[in-house]
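Student: I am new to this structure and would like to go through it slowly, one question at a time. Could you show it to me before we begin?

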Amino acid sequence: MKILEIKGGHKLTGTIRISGAKNSVVALIPAAILSSEDVTICNVPDITDTKALCEILDFLEVDVKKATESLIINSHNMVNKEIPSDYTKKLRASYYFMGALLGKYKKVTMALPGGCSIGARPINLHLKGFEALGATVTNNDNIYTVEAKELKGANIYLDFASVGATINIMLAAVLAKGTTIIDNAAKEPEIVNVATLLNNMGAKIRGAGTSSIEITGVEKLNKCFHEVIPDRIEAGTYVILGAAIGENLKITNIIPEHLEALTSKLEEMGVFLDIGTDYIIVSSSNNYKPINVKTQTYPGFATDLQQPLTPLLTLCKGQSKIEETIYENRFMHIPYLNQMGANIRVKNQTSTIIGPTKLTGTDVVATDLRAGASLVIAGLMAKGTTRITNVEHILRGYENIVEKLLDVGAKLELKEI
Ligand code: EPZ
């Protein structure tokens with residue numbers, strides 16, 4: 001088992017380059033099989049989620065050529081087989097193969113995807129979309145079969161602006177007959193990145209990034225070249241770290257507009273941010289005001305950043321609050337932060353952080369991806385040594401996190417125990 005051992009209390013200075021977005025690439029890889037020609041995707045982050053999806057491509061006999069930070073995917077000789085849970089349980093985003101295989105073959109059989117323990121994470125809205133397109137869904141002991149004689153465009157209203165459902169329905173609709181409208185669609189930048197890939201392949205998608213997306217079915221999709229957008233959650237995590245213990249810490253290769261909900265909250269706290277065209281420079285200060293944050297769908301404050309933000313709020317002079325509105329169990333980092341010396345209580349999906357408090361290193365557990373990121377930030381802020389177990393959660397979503405932190409002066413080591 002791997003653990004991350006952090007010796008905290010060191011100022012971080014230098015440059016961290018942000019990688020391609022995990023929550024985009026995990027949809028782009030399945031989407032690529034909708035073409036039967038070479039689909040080249042560059043700026044691919046080398047994270048375990050990418051590896052897990054490439055294992056599924058190999059299982060389906062898709063031809064994958066790997067180069068540095070890029071993949072060339074060709075599904076010309078692929079075989080549409082039942083995807084067992086050994087593959088799908090590794091990550092929730094395996095469910096994008098449902099939309100892609102349904103869209104390509106009008107049939108898919110696969111085990112229910114896995115995911116973090118942050119909530120029930122049902123897929124009812126995905127299945128509602130598939131059924132609206134004419135598919136029937138059967139579930140035998142969590143093995144889903146979704147099939148259709150013909151996929152026909154439909155008007156689909158999403159009860160919740162679900163990121164996954166929006167993308168999965170797009171994947172199923174691009175080769176359907178006729179036009180599909182997704183209303184109350186999610187507006188996250190990753191959705192625009194996927195729609196751009198599909199349009200580069202020859203699809204006809206309009207309105208991605210707005211709450212109404214129109215997909216006009218086409219006969220076939222072709223080869224293309226595409227780039228993964230920078231990871232706004234990785235970027236936000238490191239900007240928060242810089243506000244906690246940075247000294248002119250420069251976060252580069254970002255799209256600042258994707259971080260506006262975070263940067264405006266940090267500025268409200270009293271963090272000074274030098275925001276450039278594709279970078280942010282941030283330094284810590286010892287005079288932070290408390291803030292109130294409520295997680296929302298994009299462009300609101302990202303739920304994925306509320307956990308990394310929490311340790312920073314322990315520096316504020318007063319009471320801050322974070323209300324989590326997207327997931328039902330996204331506060332599992334709090335007990336560990338309190339063990340480190342924080343003063344945080346949770347009630348009715350809202351955490352209240354009383355500051356300022358000093359953090360001291362201790363042994364903690366990463367319960368999910370962003371809780372793990374929160375503990376890394378806390379460990380780097382704390383006096384003494386912090387050991388994080390279950391660190392595999394963190395490696396799923398933060399490419400080369402140890403190297404990136406060592407390069408800016410952090411003292412940490414990934415150990416096998
Ligand atoms: C994506 O998950 C991201 N994951 C999540 O990031 C992110 O937190 C989330 O969007 C919201 O931004 C990937 O992109 C791989 P949702 P997704 O569908 O698509 C409910 C991370 O840390 N819901 O918008 O699963 C669901 O229970 C991860 O990188 C239904 O009820 O998010 C949840 O409460 C964590 N029925 C809410 O919607 C459905 O059919 C948000 O889900 C689908 C979702």
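Student: Is helix H4 (residues 96-105) largely enclosed by the rest of the structure or left open, and how many of its residues are buried?

Tutor: This is a predicted model, in which local features need pLDDT of at least 70 and side-chain atom pairs count only at pLDDT 80 or more, while totals for chains, interfaces and linings use all residues. Residues are numbered from 1 along each chain as its sequence is written, and side-chain values use heavy atoms, with hydrogens and water left out. Helices (H or I, at least four residues) and strands (E, at least two) are DSSP runs numbered from the N terminus, and buried means under 20% relative accessible area, exposed over 50% and partly exposed in between, with a 1.4 Å probe and protein chains only. Helix H4 is largely enclosed by the rest of the structure, because the buried residues among its 10 number nine.

Student: Which elements cover the buried residues of H4?

Tutor: The buried residues of H4 include Tyr96, Phe97 and Leu101. Taking contact as heavy atoms within 4.5 Å, the cover includes strand S6 (107-111), strand S8 (143-147), helix H1 (22-31), helix H2 (48-59), helix H5 (124-132) and H6.

Student: Which residues have the most contacts inside the largest nonpolar core, and which helix gives the most to this core?

Tutor: A nonpolar core is a set of buried Ala, Val, Leu, Ile, Met, Phe, Trp, Tyr and Cys residues joined through side-chain atoms within 4.5 Å. The largest one has 79 residues, and those with the most contacts inside it are Phe97, Met170 and Leu198. The element that gives the most to this core, with seven residues, is helix H6 (residues 163-173).

Student: How many residues make up the other core that lies apart from it?

Tutor: Ala302, Leu313, Ile344 and Tyr398 are among the residues of this other core. Its size is 68 residues.

Student: Is Tyr87 buried or partly exposed, and what does it touch?

Tutor: Tyr87 has its place in helix H3 (residues 85-88), and it is partly exposed, with a relative accessible area of 23%. Its C-alpha atom is separated by 7.1 Å from that of Ala52, although the two are 35 residues apart along the chain. Not counting residues up to four places away in sequence, Tyr87 touches Glu55, Ile56 and Phe59.

Student: Where are cis peptide bonds found?

Tutor: One cis bond joins Tyr298 and Pro299, with omega about 10°, and Pro299 lies in the loop between strand S17 (292-294) and helix H10 (306-313). Another cis bond, with omega near 0°, runs from Gly355 to Pro356. The loop that holds Pro356 is between strand S20 (350-355) and strand S21 (363-365).

Student: What phi does Asn400 have, and where does it lie?

Tutor: Asn400 lies in the loop between helix H13 (392-395) and helix H14 (401-406), and it counts as partly exposed at 38% relative accessibility. Although Asn400 is not a glycine, its phi is positive, at about 50°.

Student: How many helices and strands are in the protein chain, and what is its radius of gyration?

Tutor: The protein chain contains 14 helices and 23 strands. The radius of gyration is taken over C-alpha atoms, and the globule rule is 2.2 Å times the number of residues to the power 0.38. For 417 residues that rule gives 22 Å, so the protein chain is as compact as a globular protein of that length, with a radius of gyration of 21 Å.
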